[in-house]
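Biologist: Please take one part of this model and go through it closely with me, setting it afterwards among the parts that surround it. I would like one connected account, with the cut-off behind each term.

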Amino acid sequence: MQYLISVLDDKINPGSTDREPFIREFNQRLKGEGYWVFAGGLADPEAATVIDNRGDQPLLTDGPFVESKEYLAGLWIWDVPDLDVALKLATEASKVCDRKIEVRPFL
């Protein structure tokens with residue numbers, strides 16, 4: 001089963017910025033165990049553009065869709081046997097990234 005693993009950062013209490021070597025090592029382990037599908041970090045929310053093309057004209061707005069102290073800083077997609085494995089790995093990922101992690105299954 002595939003899961004979206006969201007890495008959440010906090011503007012008021014951000015995670016450590018020196019985690020890259022630990023994240024790289026964790027990613028190698030995920031690949032070695034066959035759980036890795038995709039991962040990537042994201043630019044700050046201020047770099048976002050929101051597009052709403054539901055009306056007569058598309059509306060493009062700079063900045064994040066939601067103003068919040070927490071924001072999506074990166075993501076993984078894992079293919080794991082079940083939720084228990086996803087939660088176990090996400091617990092490790094939170095420590096590795098020094099950030100909150102959200103686990104959501106794909107439909």
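**Helix α1 and its surroundings**

Modeller: Just after α1 comes Gly-34, whose phi is positive, near 80 degrees. The model is predicted, so local features require pLDDT of at least 70 and side-chain atom pairs pLDDT 80 or more, whereas totals for chains, interfaces and linings take in all residues. Numbering starts from 1 along each chain as its sequence is written, and side-chain values rest on heavy atoms, with hydrogens and water left out.

The chain has 2 helices and 6 strands (DSSP runs, H or I of at least four residues for helices and E of at least two for strands, numbered from the N terminus). Followed along the sequence, these elements give the pattern β-α-β-β-β-β-α-β. The C-alpha trace of the chain spans about 50 × 30 × 20 Å along its principal axes, and 27% of its 107 residues are buried (under 20% relative accessible area, with exposed meaning over 50% and partly exposed in between, for a 1.4 Å probe and protein chains only).

The 13 residues of α1 should span 18 Å at 1.5 Å a residue, and this agrees with the 18 Å that separates the end C-alpha atoms of α1 (the expected span is 1.5 Å times one less than the number of residues). Ile-23, Phe-26, Asn-27 and Leu-30 are the buried residues of α1. Because these buried residues fall within an arc of 105 degrees when seen down the axis of α1, they line one face of the helix (the arc of the directions from the helix axis to the C-beta atoms). Glu-25 and Gly-32, on the other side of α1, are exposed. The partners against which the buried residues of α1 pack are β2, β5 and α2 (83–97), where contact means heavy atoms within 4.5 Å.

α1 also has a part in the largest pocket, as one of the elements that each supply at least two residues of its lining, alongside β1 (2–10), β2 (36–41) and β5 (70–79). About 360 Å³ of space lies in this pocket, and among its 21 lining residues Glu-20, Ile-23, Gly-41, Ala-73 and Cys-97 are the closest to its centre. A pocket is an open set of points on a 1 Å grid over the protein atoms alone, where a 1.4 Å probe fits and protein lies on both sides within 12 Å along at least five of seven lines; lining residues have an atom within 4 Å of a point. Points are joined across faces, edges and corners, and the volume is the space filled by probe spheres set on them.

The largest contribution to this lining comes from β5, with 5 residues. By class, the lining of the largest pocket has 10 nonpolar, 6 polar and 5 charged residues (Ala, Val, Leu, Ile, Met, Phe, Trp, Tyr, Cys and Pro are nonpolar, Asp, Glu, Lys and Arg charged, and the others, including Gly, polar).

Beyond α2, Asp-98 sits in the loop between α2 and β6 (100–105). Asp-98 has a positive phi, near 60 degrees, although Asp-98 is not a glycine. Most residues other than glycine have a negative phi. With a relative accessibility of 35%, Asp-98 counts as partly exposed.
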